[in-house]
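Trainee: Got a minute to go through a chain with me? I'd like the basics before I set anything up.

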Amino acid sequence: MTTLPPIREVIARHGLAASKALGQNFLLDEQLLARIAALPGDLSGARVLEVGPGPGGLTRALLRAGAKVTAIEMDRRCLPALTELGEAFPGQLTVIEGDALKLDHNALMNGQPFHVLSNLPYNVGTALFVRWLGGPKDGQSWPPLWQSLTLMFQREVADRIVASAGEDAYGRLAVLAQWRAEAKLAMKVHRSAFTPPPKVMSAIVHVTPAAMPEGVSARMLERLTESAFGQRRKMLRQSLKGVPGALEALANLGIDETRRAETISVAEFVAVAKALSA
Ligand code: SAM
């Protein structure tokens, strides 16, 4: 195994004091990082996109797993440490300085399939996640080029992604994550694992693409969930009043219009969207 100095030492040598504005909470425990890098399965020879490598803790675990990593980092202070890491793994690491929210990830990965791993900055995490899932304004083709997403979130956001109907955390994010993908909570991470520790607990979500249900418009599904969860405590006959044809579709599908959005399963939302997409 390539011998590298401890990450704490890399941070000290390059003066990488964590910046709050950039959402920096670093992971230093190499065993934990190796376990995270193993979550997608064997990465030997696989292409990986990492957002926010920072001083490179997760990056080194990915490189050790044999991945070819493209890493997008916004904080130029981290670049010398990442260059050093790249030199220890010749030909395996490409570092892009920039804002991951503004870059075309498929183009960066040369249109080839890739895995995404990231200890996301909390402030941009959900925005990137929605984009990878082909959220509201993005016409993501399906299946996407990414083969898996392994992402650190605040525990509360992770719960919202994997929630089922009837649970408090269930809402638009769960439907978006689950209607054509499988999302599971892969690992809980205690706040004390980070330096500095954030105020909240974290968890890693693992997502893989699933078959897209036929005849369903992503935009229609989005419109439905926006209306339904916009007034989540109201009955569907009230919250979906503004979506043309929705109440008829509910009646045809035998879904009681007095139910509330939070009780409607992903499959039921998909069925209504399909009826309205026809
Ligand atoms: N991966 C490292 C680890 O696990 O220790 C660092 C994680 S830290 C929570 C988030 C990293 O994302 C920081 O290095 C930060 O500079 C970077 N970052 C923040 N916003 C970004 C953006 N929009 N695009 C790319 N990187 C960003």
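Mentor: Here is a short run through the overall fold and one strand pair. This is a predicted model, in which local features need pLDDT of at least 70, side-chain atom pairs count only at pLDDT 80 or more, and totals for chains, interfaces and linings use all residues. Residues are numbered from 1 along each chain as its sequence is written, and side-chain values use heavy atoms, with hydrogens and water left out.

Trainee: How many helices and strands does the chain have?

Mentor: The chain has 12 helices and 9 strands, taken as DSSP runs (H or I of at least four residues for helices, E of at least two for strands) numbered from the N terminus.

Trainee: What about the radius of gyration?

Mentor: The chain has 21 Å, which agrees with the value near 19 Å for a compact globule of 278 residues. The radius is taken over C-alpha atoms, and the rule is 2.2 Å times the number of residues to the power 0.38. The C-alpha box is roughly 65 × 40 × 30 Å along the principal axes.

Trainee: And how much of the chain is buried?

Mentor: 46% of the 278 residues, where buried means under 20% relative accessible area (1.4 Å probe, protein chains only).

Trainee: Switching to strand S2, why is it largely enclosed?

Mentor: Because 4 of the 5 residues of S2 (residues 47-51) are buried.

Trainee: Which strand does S2 pair with?

Mentor: S2 pairs with S3 (residues 68-73) in the parallel sense over 5 bridges; pairing requires at least two bridges found by DSSP. Arginine 47 has lysine 68 in S3 as its bridge partner.

Key: Buried means under 20% relative accessible area, exposed over 50%, partly exposed in between (1.4 Å probe, protein chains only).
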